[in-house]
Amino acid sequence: MKRYIARRLMQGVALLFVVATIVFILGRLTGNPVDLMLPEDATAEDRANLTRALDLDGTLTDQFLIFAGKALHGDLGTSIRMKQPAVQVFFDRLPNTLALIPWALLLGMALGIPLGVVAALHRGSWLDRAAGTVAVLGIAMPSFWLGILLIFVFSVELGWLPSSRMGGPEHYVLPVITLGTFLVAGFMRITRSAMLEVMESEFVKLARIKGLSETTVIWKHCLRNALIPVLTLWGVFVSNLITGAIVTETVFAWPGIGRLTYEAVIFRDFPLLQAVIILKSILILGVNLGVDILYAYVDPRIRLP
Amino acid sequence: MSDTPSGDTVLEVRDLHTHFFLRRGVVKAVDGVSFSLKRGEVLGLVGESGCGKSLTALSLMRLLPKGGARTIKGEVLLGGENLLERTPAEMRAIRGRRLSMVLQDPQTSLNPVFTVGDQLREAIERRRKGASLAEIMKEAVAALRRVEIAAPEQRIGQYPHQMSGGMKQRVVGAIAISGEPEVLIADEPTTALDVTIQLQYLKLLKRLQAENGMAILFITHDFGVVGRMCDRVAVMYAGRIVECGPVKQIFEAPSHPYTRALIASVPKMTGTVGRLTTIEGQPPSLMDLPKGCRFASRCGLVEQRCLDAYPATVQVGEAHTADCWKVSPS
């Protein structure tokens, strides 16, 4: 187990190096940021100063070595707009995003998993079709549309819930619903198909032969096995929520890292954007490692090599 | 091998019909099966694949596969009460406690994500309501010891994938009999095991049966196993039992041409080495059964009357019957 984690961490470091290299190259391919950041009438001296401040003097190799060297010390540059270290800006915002993720996941699983089980139990019936329709709707509705619709109905028309910014629990409702709707659909579909497969198993037949109640057969023997693919989805969704809450956080003016990404792009804050991408990559690597370790707990057949 | 044991009938199946109702038509997989089982007796149910043996067993358990299978006619009398009239809740109380079953494939019969002890506990708990966990686990260890699993204290905390196939099948056996059922259905329990393990398992089943006096319905396609395990044997063909009688009589003097062909096709260890005897042709489609004898198309002795009508059941000896026009009553 320890060796497995150590090896995965090594792989993560290698992967991060690749990500950092790609981010670095892309940053250099999209034009000279100095031209974008300074007004047209800037003096040559201004340009030279800024170029030096951004570590853009020297050859590309020199630039990369400086960039990598600083990155190793936890310095991913300074946000141009906020005049603060990019890493610090990121970690200031991160808790706000992390505050949303568990609720969205909880909503997705609390609705999606039971719906999937019920759909599998009543395969082909109107219940199954209704759950399927909900799933398609959940996947098909883009979050900018759903978010704005929710704001329109519950904030503008009914005035029940706030439409933007962080605050008390009522501020969480609409963003969590917007994020969770997509997850409900995913969890429902994967639970349904996994349950249908598991329910045909011989061990389910043996559980019935023992005389166990249908509740125990379905919700213990079947569901525990069906949760293995659900866990895979879990990893994908957490990663998606970390990277992909950009739209939802922007719609609801939620000060998380999704909105931070959006701001970094809009304001051409390229050191910040570099930092955000690299730090998000670290988070995703961490989540994937966590999910792989969780597998071993849910399915005793998996022994981490 | 003993003669037919005396004692009360614990299970009686009368004129059981279980059909698959499909869009393409009706598959008459079990089509008028009758037999009875006495206390402490082992009845073999023999026939080739697809003749309806397993579906007969699942009909008795009332655990028919999804997808159109229904028992439409007949009676399954366990201790005199008709199981087909029980409610689902009443059936659950009967399963495991009075009527239990061992499945064919040990690799898939145990739930991979729960420990062996946990799966045994569920079965024992039903008999020992209100007992403490420690008591139940003690009993689970004893149940594993009874099926000859070494170091049961350690095995109890293990998962199925940590055991061999033969060991898993013994665990399945321990689970199936932990409710002390009156009747155990064993559906080809050794088919998926190594030949060397098969004999061990059969001996174990025999011993357990001798210990607690349960009756066993032993489903197999292997006549060799029948000779070792069973007191009586029922031969099934295309959804019906065509011959039934004490093992000795069936082996020495099979009456039905199908039984004779089946016994002839068992490879023998003695005598000249020749070609393996096989039965030519295919069984009839269960969706389109002939009105006459179902074996007629493959039978060497076929006559016009075999094609015209299904033969009546003929008493060929004491407790020995056959459905054939060509046999004469004793």
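## Domains of chain A

Eleven residues of domain 1 of chain A are in contact with nine residues of domain 2 of chain A, and helix 1 (2-29) and helix 2 (33-37) of chain A are the elements that give two or more residues to the domain 1 side. Helix 1 of chain A provides the largest share of that side, with eight residues, while by class the side divides into eight nonpolar, two polar and one charged residue.

The model is predicted. In chain A, domain 1 covers residues 2-72 and domain 2 covers residues 89-298, and the C-alpha centres of these two domains of chain A lie 34 Å apart.

## Domains of chain B

Chain B is likewise described by domains, with domain 1 assembled from the segments 8-98, 181-267 and 277-284, and domain 2 formed by residues 111-178. The C-alpha centres of domain 1 and domain 2 of chain B are 26 Å apart.

Between these domains of chain B, 14 residues of domain 1 are in contact with twelve residues of domain 2. Helix 8 (residues 195-212) of chain B gives six residues, the largest share of the domain 1 side, and that side as a whole has ten nonpolar, two polar and two charged residues.

## Where the chains meet

Across the two chains, 17 residues of chain A are in contact with 25 residues of chain B. On the chain A side, the elements that give two or more residues are helix 9 (202-209) and helix 10 (214-244) of chain A, with helix 9 of chain A supplying six residues, the largest share. The residues of this chain A side comprise five nonpolar, five polar and seven charged.

Technical notes: Residues are numbered from 1 along each chain as its sequence is written. Chains are lettered from A and ligands numbered from 1 in the order in which they are written. This is a predicted model: local features need pLDDT of at least 70, side-chain atom pairs count only at pLDDT 80 or more; totals for chains, interfaces and linings use all residues. Domain bounds come from an automatic or database domain assignment. Two residues are in contact if their C-beta atoms, placed from the backbone, lie within 7 Å. Helices (H or I, at least four residues) and strands (E, at least two) are DSSP runs, numbered from the N terminus. Ala, Val, Leu, Ile, Met, Phe, Trp, Tyr, Cys and Pro count as nonpolar, Asp, Glu, Lys and Arg as charged, and the others, Gly among them, as polar.
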